[in-house]
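Please go through the questions below with the sequence and the model side by side.

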Amino acid sequence: MIRDQLEQLARISEPEARSKLIRALVGEYARSEENEPTEVERELFSRIVLSVFDQLDKEARYELVVRLAKTDRIIPDLADRLAQEDYELSEPVIECSPMISQPALMRIARTGGNDKRLSVARRPDLNEEISDTLVARSSRDVVHALLDNKDAPFSVKGTLALLIFANTEIEVLAGIAKRALKDEEFLETQKLVLETNCPLIPAPLRKALETGDLERLATTIGDLERDGDIEIDGVLYSRHEASIHIANGEMSFDAILRTLFEDDRIDAAIWLIGRKLNLSDDVVADTLKSDADGAIMRLMLQTGIDEKTYRDFLKARCKWLDRNSRTIPELVMRYKAELKKPRANADASFAGSALN
């Protein structure tokens, strides 16, 4: 019967009649719980709806969402199309549909409105790439939703971004503490970062991790009133929101490094470069403090940063060491030229300088 109605729908040309038949068809399609649609019927239904979608009235689209958004009775293409509708209509699809595709969720994370991003953040099937993009691009309520979502994974880069935020934002610090209390894997990640002596870990979180007293930290923060700046364990937190720069549409090593330069966190930048290259902080710091421009350039080439990040690094280094910045344009040109050379040559050059 469903197939007969689908074939009838395909022959109708009037938009109003199509919307009316779609509503009736959706009702019957959704009600037939005892009879699961075949793959052919699921594909046929979804493809025909997609072919007339732009002609459907709001009521027909609403019927689709209400009855089918949380089911597997539609194909991903139709779920993705429904997710493009206004938030009032698309919310159940974005937050609950088992059929919406990961690329569609990533598009929302990159370019969607904050309301749609918030719905994505509550899903149980996110990957690290989507979580990273949400952390980097969304307002802070989305970040809090991710921290509350135990199924949302955080990459190492995402974890570093959270720590950058937590250094100035008491709410993010609280979210990290609360997540660590209920998520053993997340807690282990924080402990691993702590073991590397990461300077990005806020002092109160460091103390709580070392003493195993995260509950006290989470409770203390929860009891505080936000009437301005707050001091915890000697650290002052304000309403300022830290930022993560976006490079090529994603959270990247370059993006985090540029944020650290902007925030004058040279100590954290040295730590991050050391982790990237598997070098001790002392080796990285001594190299960056030296006057050997060639050695510095070769070291930074190994990180894979682009010339824009290298320029920001040189500016931060001049400020850090109180040096003149007049040579920066020339050094950036040299760096850009080196980037164009085969990577094997750069690796051999770096290895040679490390031995001398």
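Q: Which residues does Glu-250 touch, not counting residues up to four places away in sequence?
A: In this predicted model, local features need pLDDT (the predictor's confidence in each residue, from 0 to 100) of at least 70, side-chain atom pairs count only at 80 or more, and totals for chains, interfaces and linings use all residues. Residues are numbered from 1 along each chain as its sequence is written, and side-chain values use heavy atoms, with hydrogens and water left out. Glu-250 lies in the loop between strand S2 (235–237) and helix H16 (253–262), where helices (H or I, at least four residues) and strands (E, at least two) are DSSP runs numbered from the N terminus. With contact meaning heavy atoms within 4.5 Å, the residues that Glu-250 touches are Arg-110, Glu-129 and Thr-133.

Q: Is Glu-250 buried or exposed?
A: Buried means under 20% relative accessible area, exposed over 50%, and partly exposed in between (1.4 Å probe, protein chains only). The relative accessible area of Glu-250 is 19%, so this residue counts as buried.

Q: Where in the chain is confidence lowest?
A: The mean pLDDT of the chain is 86, and 84% of its residues reach 70 or more. Over residues 344–356 pLDDT stays under 50. Where pLDDT is low, the predicted coordinates should not be read in detail. Confidence is highest in helix H8 (residues 114–121), at 97, and lowest, at a mean of 42, in helix H22 (residues 343–355).
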